[in-house]
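Got the model open in your viewer? Grab the selection tool and follow along, stop by stop.

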Amino acid sequence: MFTVTKTTQGAYTAYVLADTGAGTTATVVPEKGGMVTSFTKNGDEYSWLREPNFSQPERPRCAMPVLFPMCGRAPQDANTFGGKSYPMIIHGIVHSMPWQVVETGETDGASVTVRVTDNAETRESYPFAFSVTIRYVLRGGELRFEQTYENTGSTDMPFSFGFHPYFRVSDVRNLEWDIKAGLTADPDTGRDTPFEGVDFPYDDEQTTRYYKGVQSPMRFTDKELGHTVTVKFDGNFKNAVLWSQCPLGFVCMEPWNGFPGSLTTPEHETLAPGNALSAVMSIEI
């Protein structure tokens, strides 16, 4: 049985998707960047929430933020469009915006569809008219992110997109990885090397690894918690990032369409006016 329940999470309205037969739930908070904030199985939490960050209006550094129109950071925290420099914080703009609920459903799964569009404030960082729609669908242990990116303006729209899911772990040293990729990349130096496996864990307080030519799915198993997390994605997602602030008990396994600085290079998507791009990724627990 699929259900969608409207409730609250802190100061925000939340939608809890449930598959009662599978014992799974996923919580979506439209006002907080349209993101998933909880994913449970039989009451066991797989997502990771940071307080007080979640309760404050700043960029969310927890749960499952949406990245658009940029993944990572731009050079000097700015992009140039039409010869003019536009400031943009890391991972774009929509992760800190309130999204609107379009519809909910309980037929082919428990679902909620949310949407965000441009406004005067977004055009200070990104001078394009856009619409981003995500239909979150929970069936069994899988949560699908069915995405549509639309150019609603009159000029070509450059963009990249991705997701930044935080997963609760016992310790990064307890993780077994199943990831296949072509290259390990270093965006700071521009140097790529052949992928030779995931070289986690580390004792560093913060660890990041960038991969190109990633194959779906990506997976890790936490040997202590007994959690297995699988991220699946279509061909729009070419890259991936692993990131952890190791002592805090989370790891991010992130499918990305772009790379840091991609809006300043040819390595981004471009949509003509009136066109749309659809993409799918999912998380299975």
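**Stop 1: the second largest pocket**

Sort the lining of the second largest pocket by class and you get 4 nonpolar, 5 polar and 1 charged residues. To see them, select Ile-89, Gly-92, Ile-93, Ser-96, Met-97, Pro-98, Asn-119, Glu-121, Thr-122 and Ser-125. The space they line has a volume of about 200 Å³. Keep in mind, here and at every later stop, that you are looking at a predicted model.

**Stop 2: the largest pocket**

Now go to the largest pocket, with a volume of about 600 Å³. Its lining takes in 30 residues. Which of them lie nearest the centre of the pocket? Select Gly-72, Arg-73, Tyr-210, Trp-256 and Pro-260 and you have them. By class, the lining of this pocket divides into 10 nonpolar, 10 polar and 10 charged residues.

Switch to a cartoon view and pick out the strands around the pocket. At least two lining residues come from each of strand E17 (183-186), strand E19 (207-212), strand E22 (239-244) and strand E23 (250-256). E19 gives the largest share of the lining, 3 residues.

**Stop 3: the strands beside that pocket**

Stay with E19 and look at its pairing. E17 and E19 are antiparallel partners, joined by 3 bridges. Select Ala-185 and you can find its bridge partner in E19, Tyr-210. That is a residue you have already met, as Tyr-210 is among those nearest the centre of the largest pocket.

E19 also runs antiparallel to E22, and 6 bridges join the two. For an example, show Tyr-211 together with its bridge partner in E22, Ala-240. If you turn on hydrogen bonds, remember that strands of a sheet pair through backbone hydrogen bonds, either parallel or antiparallel.

**Stop 4: an open sheet**

Next, jump to the beginning of the numbering and colour the strands E1 to E5. They form an open sheet of 5 strands in the order E1-E2-E3-E4-E5, with antiparallel pairing. Which strands stand at the edges? They are strand E1 (2-9) and strand E5 (44-45); each has a single partner strand, so one side of each is left without a neighbour in the sheet.

Zoom in on E1 and its neighbour, strand E2 (residues 12-19): the two pair in the antiparallel sense over 8 bridges. Select Lys-6 and look across to E2, where Tyr-15 stands opposite.

**Stop 5: a cavity**

How many cavities of 30 Å³ or more does the structure hold? The count is 1. The largest cavity has about 30 Å³ of space in it. Show Arg-59, Pro-60, Pro-65, Leu-67, His-91, His-95, His-164 and Tyr-166 as sticks to see its lining. That set has 4 nonpolar, 3 polar and 1 charged residues.

**Stop 6: aromatic rings**

Select the aromatic side chains next; the structure holds 31 aromatic pairs. One of them is Phe-68 with Phe-159, a tilted pair at 5.8 Å centre to centre and 50° between the planes. This pair links distant parts of the chain, 91 residues apart: Phe-68 is in the loop between strand E6 (66-67) and strand E7 (78-81), and Phe-159 is in strand E13 (residues 157-159). Are these two rings on buried or exposed residues? Both Phe-68 and Phe-159 are buried.

For another pair, select Tyr-126 and Phe-130. Their ring centres are 6.0 Å apart and their planes are at 55°, so this pair is tilted. Add a surface and check both: Tyr-126 is buried, with a relative accessible area of 0%, and Phe-130 counts as buried at 1% relative accessibility.

**Stop 7: the cysteines**

Last, show the cysteine sulfurs. How many disulfides are there? The count comes to 0. To see why, start from Cys-62: the closest cysteine sulfur is in Cys-252, 9.8 Å away, and that is too far for a bond. The cut-off used for a disulfide is a pair of sulfur atoms within 2.5 Å. Cys-62 is also buried, at 0% relative accessibility.

Then move to Cys-246. Its closest cysteine sulfur is in Cys-252 too, at 11 Å, again too far for a bond. Cys-246 is buried as well, with a relative accessible area of 8%.

How values were computed. Residues numbered from 1 in each chain as written. Predicted model: local features only at pLDDT ≥ 70, side-chain atom pairs only at ≥ 80, totals over all residues. Heavy atoms only, no water. Buried < 20%, exposed > 50% of the residue type's maximum accessible area, 1.4 Å probe, protein only. 1 Å grid on protein atoms, 1.4 Å probe; cavity = no way out; pocket = protein on both sides within 12 Å on 5 of 7 lines; lining within 4 Å. Points joined across faces, edges and corners; volume = space filled by probe spheres on them. Helix = DSSP H or I, 4+ residues; strand = E, 2+ residues; numbered from the N terminus. Nonpolar A, V, L, I, M, F, W, Y, C, P; charged D, E, K, R; others polar. Pairing = 2+ DSSP bridges. Phe/Tyr/Trp six-rings, centres within 6.5 Å; stacked < 30°, edge-to-face > 60°.
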